[in-house]
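Visitor: Could you take me in for a close look at one part of this structure? Pick a single spot and walk me round it, then carry on to whatever empty space there is inside.

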Amino acid sequence: MIYSGISHLADQHDAFFLEDGRLYIRIRTARHDVTSVILHTRDKYIPIELRDTSSSYKMTHIGGDFAHDYFAVKLPVDMTDAGNPRMLCLRYFFEITDCAGAKIYYGDSRFFTNRPGEVEDMFDCPLISRRAQTFCIPDWAKNAVVYQIFPSRFATTKNVPDEKWYQTPVTNETDLMGNLSGIISKLGYLKELGCDCIYMTPIFRSDTAHKYDTIDYYCIDPSFGNDNDLKNLVEASHSMGMKVILDGVFNHTSTKFFAFRDIIEKGRGSKYFDWYYIDGDPSDYGSESSLPGYQSFAYFGGMPKLRVENPEVADYITDVCLHYIRNFHIDGWRLDVGDEISHSFWKKLRTRIKAENKDALLVGEVWHFAPDFLMGDEWDSVMNYTFYKATTSMLCGGCLRPSEFMSELAFLKGNYQSAVIPVLWNLIDSHDTPRFLTMAENDKRRLMLAASLQMLLPGTPFIYYGDEVGMEGGMDPDNRRGMYWDNRADMDIYRWYQRLTYFRHTIHDITAGNYSSVSADDEKNFMKFFLKSGEILIFHTTGDETSEKEYEGYKELLSDRIFNGLVEPYQTILLRKN
């Protein structure tokens, strides 16, 4: 047995309460080393001579990645008896058996050759305090389809000729005159597509097309409209059953932001001097060969970094967030460059926002694995760039095999809290990456397969505007072209997305990831997921046509025909027995 591969953190990482009141306990072991894990529990305070409170539970193998297998169990924990605490603290240990039949016990982060009998040799879980930390996700977000809009390039009510709207290439200065009223005019389109939530990149006053350098957080950029336009957009979206999330850029501002302007004018005499990290001349914006006189986002002088640990800055940002929740009834925030702001701030912000609206969603922008932000006291979710990297590597780069793709997903399942998995924003591209179709060398089959991975696997499908109609584009800013409308739109792709969102919303086991078994075949280049409800999912990732004759005669739900036993390259099959 590989002892070094066994680990369990007896805190919110691996022992946490679910919203249904059960206690979820998880352990990792070395890959392909262990055949079974049994969890043994008992009450901490009741002597075994007085009453035997011990129980045993066989743990379920929930997946394996490149290095580990993961086992988990959900325990029913009855804590009350006529309003009085029945159990205050749970003690537990693991009985682990390897492939050779060797057995070891693991408790209190130590290994034992014999079954531990003393509670001090077991892991500790104080139930009341742990239950108070239950990670609660807004119900509406658990099966939502999110649609990202770049407001200046999505739709407009102004008279913009086609030759301007569809121009290529576009630059950071290109003004296509998109506005909030234009988005309102397309809400029916988004509803028909199957979207549940609109996420807009920044809409606050800024001199740039992207608006990630805010001049005034309390002012809608005049090119987009005004306060009434945002209120109308939110109200119209809500009337159609869709949510609206805004982009909060609180890591940095524009150099024209009132506080930074005051610093340039008054230097150290400015009352806002400590709102930023000034270590030189604040009027020195830097150049290609020199850094600005202050800390900034990615060393870019046009985006000076806010000192968020300053209580005045923290209060200002919090007031901005609450202003749009209270007065415009938005449904949450996507938090730009979230990992460059302190945990202490996010904890306080979450408390304030959830007190105002417990159903507001908080999603951080992080490009890496980030469990420290997802313990239930900061964000609800993140933009899942792990999914993005795995999908593009497998379908565009050809350097990730199906089994390795599944390992990437299993790693997240084995390390994030289980509440997070359904709401991870699974993207295949965004305003910060090339368009997927361009990365896929304009192969529509690969885009449609990537979309099916988003829609038919656990996590929140995240559609970057225009992907559903075959938009192309290279790196920023070419990935931010004018939205394809009318005869520019590829309706075959659009109908495929519609079909996917339909089954996403109607087959619950897809969202929940309720599988009876899963498998990957790197020779045939496909993955299979057998849902507990009876459906079978097959993703064929590349290569030649393959045969799955044992399912011949099943109904193909995505194409509404009878399965003939053949799976084509880059095809997704969703089968149901007739």
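Guide: Let's start at His8, which sits in the segment before β1 (15-17). Keep in mind that this is a predicted model. His8 counts as buried because its relative accessible area is 3%, and the cut-off for buried is under 20%. Now look at what its side chain is up to. One partner is a piece of backbone: the His8 side chain reaches the backbone oxygen of Arg26 at 2.6 Å. Another is a side chain, that of Tyr92, with which the His8 side chain makes a polar contact at 2.7 Å. Leaving aside residues up to four places away in sequence, His8 touches Arg26 and Tyr92 again, along with Asp14, Ala15, Ile25, Ile27, Arg28, Phe94, Tyr106 and Phe123.

Now for the empty space. A probe the size of a water molecule, rolled over the atoms, shows where such space is left. Here the count comes to 1 cavity of 30 Å³ or more, and the largest cavity has a volume of about 40 Å³. Two elements each give two or more residues to its lining, β20 (381-384) and α10 (385-397). The largest share, 3 residues, comes from β20. If you want to pick out the wall yourself, select Val366, His368, Phe369, Val382, Met383, Asn384, Tyr385, Thr386, Leu412 and Tyr416. By character, that lining divides into 7 nonpolar and 3 polar residues, with no charged ones.

Notes. Residues are numbered from 1 along each chain as its sequence is written. This is a predicted model: local features need pLDDT of at least 70, side-chain atom pairs count only at pLDDT 80 or more; totals for chains, interfaces and linings use all residues. Side-chain values use heavy atoms; hydrogens and water are left out. On a 1 Å grid over the protein atoms alone, a cavity is a set of points where a 1.4 Å probe fits but cannot get out, and a pocket is an open set with protein on both sides within 12 Å along at least five of seven lines; lining residues have an atom within 4 Å of a point. Grid points are joined across faces, edges and corners, and a volume is the space filled by probe spheres set on the points. Helices (H or I, at least four residues) and strands (E, at least two) are DSSP runs, numbered from the N terminus. Ala, Val, Leu, Ile, Met, Phe, Trp, Tyr, Cys and Pro count as nonpolar, Asp, Glu, Lys and Arg as charged, and the others, Gly among them, as polar. Buried means under 20% relative accessible area, exposed over 50%, partly exposed in between (1.4 Å probe, protein chains only). A polar contact is a pair of N or O atoms within 3.5 Å; within protein, one must be able to donate a hydrogen and the other to accept it, and residues adjacent in sequence count only if both atoms are side-chain atoms. Contact means heavy atoms within 4.5 Å.
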